[in-house]
Amino acid sequence: MDERRLRRQKLAIALQAAIEQHSLVLHFQPIYHLATGNIESVEALLRWTSPDYGVVPPLEIIAVAEQHGLAHRLNEWVLLSACAQLRRWQQAGHPLLKVNVNISPSIFMDGELASTVRRVLRLTQLEATSLVLEITEDTSLWDTADSTEILQQLRGLGIEIALDDFGTGYSSFSHLRQLPINKLKIDKSFVSDMATDVRATNLVQTIISLAQSLDMQIVAEGIEDKAQQTKLQQLGCEFGQGYFLARPMSELHMTEELLANVSAFAKRANTSVS
Ligand code: C2E
Ligand code: MG
Ligand code: MG
């Protein structure tokens with residue numbers, strides 16, 4: 001325990017320096033419209049290679065930040081960097097592209113998120129409708145009236161809200177009915193189990209019907225092969241993300257991927273017209 005605590009303390013000092021020195025980076029993983037292959041959005045995923053500690057996994061970065069009072073600054077850095085990068089891509093010819101940013105539960109609940117988001121949108125001149133915030137199903141999220149108010153403030157700005165890793169947490173039907181969430185991301189564990197477990201497939205089908213009945217968009221995470229993509233489309237899933245489609249990639253690679261996607265999309269559109 002002591003060793004772990006010590007590592008986290010040292011990591012926190014290194015993380016603070018990394019935030020200040022802008023040595024964290026974001027990678028981006030596309031979310032595709034499965035029927036057309038068009039890139040709908042890109043999810044920003046935090047990456048940090050520390051000179052002293054090597055590659056630190058994003059979930060450990062978040063845990064260190066939360067334990068050592070750095071969560072705000074980290075969240076602001078991620079939001080600002082992701083929105084600024086999206087704005088550059090939009091200006092370079094991808095005007096409809098969106099960005100998904102993960103928000104940890106503590107940040108979501110602390111009451112400052114809406115003002116931070118407003119400030120970031122103003123600074124980057126990004127339309128609110130281009131931003132999707134991904135939140136996970138955490139018990140604390142659902143247990144207060146505050147969460148509805150926070151979500152309503154954000155939706156009032158025009159931002160979209162996606163429920164990440166759906167199916168692994170604690171949301172109830174009444175929460176889903178009441179909260180102004182407009183996207184569900186099916187957790188990758190269900191997608192990977194579909195090939196071997198008919199109950200996983202049935203669950204995916206049920207989640208898709210649930211989303212449709214609540215007028216929410218549905219995104220499948222963790223698509224790792226063609227069979228999974230085909231099955232998901234047969235079940236009515238519109239959007240997907242996963243290693244089979246594209247891995248998370250650097251800003252530079254994402255720029256190339258976007259260019260390739262636009263020309264492939266134009267080619268597909270021409271073929272379907274002629
Ligand atoms: P997430 O938001 O559910 O992101 C999806 C994770 O699944 C990413 O891991 C991604 O690399 C991985 N993934 C994508 N496609 C596949 C696939 O086909 N198969 C498998 N097995 N995995 C796939 P990553 O980048 O290690 O991130 C892990 C988690 O860390 C994220 O899960 C998210 O909860 C958190 N995270 C990452 N960046 C941030 C951030 O900027 N802020 C916050 N608060 N959390 C973040
Ligand atoms: Mg996510
Ligand atoms: Mg997820």
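Reader: Is Asp165 buried, partly exposed or exposed, and how should I read such a label?

Author: Buried means under 20% relative accessible area, exposed means over 50%, and partly exposed is in between, computed with a 1.4 Å probe on the protein chains only. Asp165 counts as partly exposed because its relative accessibility is 23%, whereas Asp164 is buried, with a relative accessible area of 6%. This is a predicted model, in which local features need pLDDT of at least 70 and side-chain atom pairs count only at pLDDT 80 or more, while totals for chains, interfaces and linings use all residues. Residues are numbered from 1 along each chain as its sequence is written, chains are lettered from A and ligands numbered from 1 in the order in which they are written, and side-chain values use heavy atoms, with hydrogens and water left out.

Reader: Which protein donors does the magnesium ion (ligand 3) have?

Author: Donors are N, O and S atoms within 2.8 Å of the metal (3.2 Å for Na, K and Ca), and since water is not among the atoms, sites may look incomplete. For the magnesium ion (ligand 3), the protein donors are Asp164 (OD), Asp165 (OD) and Glu221 (OE), with Glu221 (OE) listed twice, and they lie 2.0 to 2.7 Å from the ion. Along the sequence, the donor residues of this ion are spaced D-D-x55-E.

Reader: What are the protein donors of the magnesium ion (ligand 2), and which residue bridges ligand 2 and ligand 3?

Author: The magnesium ion (ligand 2) has Glu43 (OE), Asn102 (OD1), Glu134 (OE) and Asp164 (OD) as protein donors, lying 2.0 to 2.3 Å from it, and their spacing along the chain is E-x58-N-x31-E-x29-D. Asp164 is the bridge between the two magnesium ions, which lie 4.1 Å apart.

Reader: Which residues come nearest to ligand 1?

Author: A residue is near a molecule if one of its heavy atoms lies within 4 Å of it; of the 23 residues around ligand 1, Arg47, Asn102, Asp164, Glu224 and Tyr243 come nearest. A polar side-chain atom of Asp164 lies 2.8 Å from an oxygen atom of ligand 1, a polar side-chain atom of Glu224 lies 2.5 Å from a nitrogen atom of the ligand, and a backbone N or O atom of Tyr243 lies 2.8 Å from an oxygen atom of ligand 1.

Reader: How many disulfides are there?

Author: A disulfide is a covalent bond between the sulfur atoms of two cysteines, assigned here to a pair of cysteine sulfur atoms within 2.5 Å. By this rule the count is zero. Cys83 counts as buried at 0% relative accessibility, and Cys237 likewise counts as buried, at 4%.

Methods
A polar contact is a pair of N or O atoms within 3.5 Å; within protein, one must be able to donate a hydrogen and the other to accept it, and residues adjacent in sequence count only if both atoms are side-chain atoms.
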